[in-house]
Amino acid sequence: MSVWAELPFGKNLRDRRFQALAAALLLAGLAIVVPPLPLTRSGVSVLAVVDITGSMNVRDYNTRDGRPASRLDIAKAALRDLLPELPCGSRLALALFTERRPFLLFAPIEVCADFAPLDGAIAALDWRMAWEGDSRVASGLHRAITMAGELDTDLLFITDGQETPPLPANGIPPFEGRPGAVRGLIVGAGGHALAPIPKFNDRGRETGFYAETDVQQENRFGPPPADAESREGYNPRNAPFGGAAARGEEHLSSVREPHLKALAAQTGLAYAHLDGPDSLRAPLLAAATPRPLPGRLDPRPFLGAAALALVLASFLAGARRARLTPFTPSRMS
């Protein structure tokens, strides 16, 4: 047996509680002197544009408790769920879309430091903010891409894709920008089955649904469609679209996925369907530009917590040993 083991402190060195307390003292000392460590992670900078036109009031989603919800409600819930999922240092700008252009509410702000105003602004979005009833989605998307480029952000454009009035016979207007110059995601909101569009009066009260005669069923500007000559009452000069009123299903609404995918291909953006409030994070991070964010990792809370855990474990082990040690009465002389 070594000389050190015979000494009083040699026995202490072999004691597990003494070792735990010594390690706790070392960790506590490190928690005092260790500085925060530099850390670089990826974030995003995004302009979120939300369609607030009339068809976004269609209730073809269900909430978590089974109640019907409008497309706009689910789009707002998805953005609010997205905020805490983004790394701190990421930035978000918010804009509305109606008529033919987006309207910027505020420039990009940091998602953690400014979480409360961001969340409040998204929660307050309402269809009553619209300044016109038209919904020229392609034109609005093209202008939103220009806006995102000016803000140096990626684009998140949430819409059901329903053009009001319908597109003319020559289709999507040309895109004057460079496809892919601005990265981002078009998100299609709404179900795939046709659903009625709620109708509201001047006071904002729902009065029913739009009928076929309430909505423009065909865009009769520009060149006529290829089947114009076969239509009743066709006259190349006086009735190039035919003499009968247009019929169609524009008073009903569904997510116009083929149209949105065509816009995505035209502009170089990605496309995803809005399946629910928790479906934005993965497609957005896949489509957005990773932006390095300088940050710090502070190890001191972890070191302090480990030291405290060792101290508590040492005292608990001592108390347990005291309970298990049998009591031996001393003999009286």
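Modeller: Before we turn to the helices, one convention is needed: axes are lines fitted to C-alpha atoms, for helices over the stretch in contact, and angles run from 0 to 180 degrees between N-to-C directions. What we are looking at is a predicted model.

Colleague: With that in hand, why are α4 and α5 called roughly antiparallel?

Modeller: Helix α4, residues 71–82, and helix α5, residues 115–123, pack at an angle of about 170°, their axes being 9 Å apart. Angles over 145 degrees count as roughly antiparallel, and the pair is therefore described as roughly antiparallel. On the α4 side the contact is formed by K76, L79 and R80, and on the α5 side by D119, I122 and A123.

Colleague: How do the residues of that contact divide into nonpolar, polar and charged?

Modeller: Three of them are nonpolar and three are charged, while none is polar.

Colleague: Let us move to single residues. What makes D154 count as buried?

Modeller: The cut-off for a buried residue is under 20% relative accessible area; D154 has 3% relative accessibility and therefore counts as buried. This aspartate lies in strand β7, which covers residues 154–159.

Colleague: Which backbone atom does the side chain of D154 reach, and which residues does D154 touch?

Modeller: The side chain of D154 comes to 2.7 Å from the backbone nitrogen of T289, a separation that can be set against the limit of 3.5 Å for a polar contact. Not counting residues up to four places away in sequence, D154 touches S45, V46, L47, A148, R183, G184, A288, T289 and R291.

Colleague: And how do you know whether T98 is buried or exposed?

Modeller: The relative accessible area of T98 is 0%, so T98 is buried. T98 belongs to strand β5, residues 91–98, and a polar atom of the T98 side chain lies 2.9 Å from the backbone oxygen of E132. Once neighbours within four places in sequence are set aside, the contacts of T98 are I52, T53, A130, W131, E132 and D134.

Colleague: What is unusual about phi at E99 and at D152?

Modeller: Most residues other than glycine have a negative phi. E99, which is not a glycine, has a positive phi of about 65°, and D152, likewise a residue other than glycine, has a positive phi near 60°. E99 sits in the loop between β5 and β6, whereas D152 sits in the loop between α6 and β7.

Colleague: Why are E99 and D152 assigned as they are on the scale from buried to exposed?

Modeller: E99 has 15% relative accessibility and is therefore counted as buried, since the limit is under 20%. D152 has 52% relative accessibility and therefore counts as exposed, the limit there being over 50%.

Colleague: What makes the peptide bond from T164 to P165 a cis bond?

Modeller: Its omega is near 0°, and the bond is cis. Most peptide bonds are trans. P165 has its place in the loop between β7 and β8.

Colleague: Which residues of helix α7 are buried, and what do they pack against?

Modeller: In α7, residues 257–267, the buried ones are E257, H259, L260, L263, A264, Q266 and T267. They pack against α6, β7, β8 and β13. After α7 comes G268, with a positive phi near 85°.

Colleague: Since β8 and α6 have come up, how do you know that L185 and M147 count as buried?

Modeller: L185, in strand β8, has 1% relative accessibility and therefore counts as buried. M147, in helix α6, has 15% relative accessibility and so counts as buried too. Beyond four places in sequence, L185 touches residues including L155, F157, A270, Y271 and P283, and M147 touches L47, A95, P102 and L104.

Colleague: How far apart in space are L185 and V46, and M147 and F103?

Modeller: L185 and V46 are 139 residues apart along the chain, with 9.9 Å between their C-alpha atoms. M147 and F103 are 44 residues apart in sequence, and their C-alpha atoms are separated by 9.5 Å.

Colleague: What share of contacts joins residues at least 24 apart in the protein chain?

Modeller: Among contacts between residues at least 6 apart in sequence, the share is 76%. The chain has nine helices and 14 strands, and buried residues make up 38% of its 333 residues.

Notes: Residues are numbered from 1 along each chain as its sequence is written. This is a predicted model: local features need pLDDT of at least 70, side-chain atom pairs count only at pLDDT 80 or more; totals for chains, interfaces and linings use all residues. Side-chain values use heavy atoms; hydrogens and water are left out. Helices (H or I, at least four residues) and strands (E, at least two) are DSSP runs, numbered from the N terminus. Angles under 35 degrees count as roughly parallel, over 145 as roughly antiparallel, 65 to 115 as roughly perpendicular and the rest as oblique. Contact means heavy atoms within 4.5 Å. Ala, Val, Leu, Ile, Met, Phe, Trp, Tyr, Cys and Pro count as nonpolar, Asp, Glu, Lys and Arg as charged, and the others, Gly among them, as polar. Buried means under 20% relative accessible area, exposed over 50%, partly exposed in between (1.4 Å probe, protein chains only). A polar contact is a pair of N or O atoms within 3.5 Å; within protein, one must be able to donate a hydrogen and the other to accept it, and residues adjacent in sequence count only if both atoms are side-chain atoms.
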